[in-house]
Each structure stands twice: as structure tokens, then as C-alpha cells.
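Dear colleague,

Please find below a structure that I am handing over to you, followed by an account of what was found in it. I would be grateful if you read the two side by side.

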Amino acid sequence: MNKQFAVLGLGSFGGHLVEEFHEIGAEVFAMDRNAELVDKYFDIATHVIQGDAQDEQLLIQAGIRNFDLVVVSFGENIEASILTTIILTDLGVKEIWVKASSLYHQKVLEKIGATRVIRPEKDMARRIAHRLASKHFIDYVELTEEHSMVEIKATPKIIGRTIAALNVRNRFGCNIVGIYRKHDMLVSPSGEDKIEKDDVLIVIGENRKLHRFEKQGV
């Protein structure tokens with residue numbers, strides 16, 4: 001059975017989420033107090049209603065407990081996002097992802113039961129900074145505060161060498177989990193696979209070890 005999602009708040013961030021869920025064919029329920037936004041996403045969301053996410057009875061009637069993951073996306077309204085998160089926690093929602101507008105807001109949300117706190121502007125800034133500051137990183141995705149996944153374009157230094165010869169795990173503490181090659185993806189490459197020109201390595205590890213691999217290994 002496919003996961004079912006709910007997005008509470010159809011501002012810029014929440015609206016884009018609903019559009020992306022729609023694009024990938026995921027079922028998504030949406031709610032917002034603004035009638036114009038509800039109309040805008042009427043044909044995009046699987047089901048959309050006008051209402052206040054702080055209305056516990058309305059959430060119960062909407063079957064909010066049945067969704068696999070609920071996103072609270074009105075981060076600018078700190079009080080509303082906190083109260084909604086408390087309600088969702090009390091109702092036993094499985095996963096609650098909440099948009100935060102500041103570090104203080106994030107800390108409060110984590111204390112009251114948010115499964116994950118999203119800070120889109122900060123996350124994007126970090127991603128761009130790592131990409132711009134690096135010579136070889138094509139993309140950078142933070143997994144936790146200390147671990148990330150990066151895309152590294154193969155350099156002449158490693159082209160023609162096998163995964164085993166690179167010995168990335170033992171030398172740098174990172175793992176090559178995939179290779180993009182001519183529009184194809186080689187998942188979990190073996191030690192005998194050779195790096196080819198224009199390959200892009202997908203590498204996971206601790207941030208400091210990833211940067212060490214970038215400086216010394218490629």
C-alpha cells in the first residue's frame with residue numbers, strides 16, 4: 001500500500017509539496033484557511049478542504065490519524081505551527097514534519113514531538129555553500145547534522161581504477177553507494193567495477209570524511 005500524506009498549509013512551501021506529491025503520483029490531503037489557495041489546489045491534491053489546522057475536531061473528521069506522514073508547512077506563524085504539532089502528537093500521528101522559521105522555533109518543535117523539523121532556506125543555503133566551495137562536489141544532500149550524501153564527478157586521478165583499488169571505505173571512512181553513468185545508475189557497485197570518464201560517484205559518509213576524500217582521494 002502506498003504512503004498517504006497530508007499537508008497543512010498551502011503557502012509557497014506547502015503548495016510546492018502538494019504539486020510534487022501530485023507529480024509522483026502520491027496521495028496527498030491538503031488543508032488551508034485561505035479559500036483561494038484551496039481552490040488553487042483543488043484539482044492537484046487528492047483531497048483538499050478549507051479549515052483551521054488548529055481545529056482538533058476538524059482534523060479528526062479528516063482522518064488525520066490515518067496518514068503516514070503529516071507536514072505542517074505554515075512556519076511563519078510560530079504559534080499556529082506549535083499548537084498544531086501538539087494536537088497532531090496528542091492524536092497519535094505517526095510522523096510529523098514541521099517547517100520552522102528559526103533555531104528557537106526548531107528547538108521548541110523538537111521538544112513537543114515533531115519527527116523532523118524543516119528549515120528550507122537554511123537547508124538550501126547549506127547545500128549551495130557546500131557545492132560552491134567544493135572543487136568536485138556536484139551536489140550535496142544533508143542526511144543528518146553529521147552525515148551527508150554527495151555527488152562527485154570522476155577526475156583523471158581515479159578514472160580507470162576499480163572501486164577496490166580506491167579503497168574509499170578503509171582510507172576515508174566513506175562508502176560509494178552508486179555511480180551515475182551515461183544516464184544509467186549503477187547501484188552498489190562491486191569492487192571490480194572500474195571508474196569511467198564522466199562517471200559521477202554517489203558517496204555517503206560523515207561530513208568531515210567526505211571533505212577529506214574530496215581533497216585527498218579524487
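**The parallel sheet and its helices**

In this predicted model, helix H1 (residues 12-23) lies across strand E1 (4-8), strand E2 (27-32), E4, E5 and E6, and runs at about 160 degrees to E1. An angle over 145 degrees counts as roughly antiparallel.

The strands that H1 lies across, E1, E2, E4, E5 and E6, belong to an open sheet of six strands with the order E3-E2-E1-E4-E5-E6 and parallel pairing. At its edges are strand E3 (47-50) and strand E6 (116-118), each of which pairs on one side only. On average, neighbouring strands of this sheet are turned by 15 degrees against each other, with direction ignored.

The pairing around E5 can be followed residue by residue. Strand E4 (residues 69-72) and strand E5 (residues 96-99) run parallel and are joined by three bridges. Val71 stands opposite Trp97 in E5, and Val72 has Val98 as its bridge partner in that strand. E5 is in turn joined to E6 by three bridges, again with the two strands running parallel. Here Val98 stands opposite Val117 in E6. Val98 is thus placed between two partners, Val72 in E4 and Val117 in E6.

**The contact of H4 with H5**

Two packed helices are described by the angle between their axes and the distance between the axes. For helix H4 (residues 78-90) and helix H5 (residues 103-111), the axes come within 10 Å and cross at roughly 15 degrees. Angles under 35 degrees count as roughly parallel, and H4 and H5 are therefore roughly parallel to each other. Their crossing is right-handed.

Which residues of H4 and H5 meet? On the H4 side they are Ile78, Ser81, Ile82 and Thr85, and on the H5 side His105, Val108 and Leu109. Of the residues in this contact, four are nonpolar and three polar, with no charged residue.

**The RCK C-terminal span**

The unreviewed UniProt entry carries the annotation "domain: RCK C-terminal" for residues 135-218. In the model, the end C-alpha atoms of residues 135-218 lie 10 Å apart, and the span is 23% helix and 37% strand.

A second sheet is formed by strands E7 to E11. This open sheet has five strands in the order E7-E8-E11-E9-E10, and the pairing is antiparallel. E7 and strand E10 (184-187) are the edge strands, each pairing on one side only. From one strand to the next, the twist averages 20 degrees.

At the E7 edge, strand E7 (residues 137-142) and strand E8 (residues 147-153) run antiparallel and are joined by five bridges. The connection between E7 and E8 is a hairpin of four residues. Asp139 stands opposite Glu151 in E8, while Tyr140 stands opposite Val150 in E8.

Helix H9 (residues 207-216) lies across E7, E8 and strand E11 (200-206), running at about 140 degrees to E11.

To recapitulate the two sheets, the pairing is parallel in the six-stranded one and antiparallel in the five-stranded one. H1 lies across strands of the former, E1 and E2 among them, and H9 across E7, E8 and E11 of the latter.

With kind regards

Methods
Residues numbered from 1 in each chain as written. Predicted model: local features only at pLDDT ≥ 70, side-chain atom pairs only at ≥ 80, totals over all residues. Heavy atoms only, no water. UniProt positions renumbered as here; feature names shortened; annotations may be inferred. Axes fitted to C-alpha atoms, helices over the stretch in contact; angles between N-to-C directions. Parallel < 35°, antiparallel > 145°, perpendicular 65-115°, else oblique. Left-handed = near helix turned anticlockwise from the far one by under 90°. Contact = heavy atoms within 4.5 Å. Nonpolar A, V, L, I, M, F, W, Y, C, P; charged D, E, K, R; others polar. Pairing = 2+ DSSP bridges.
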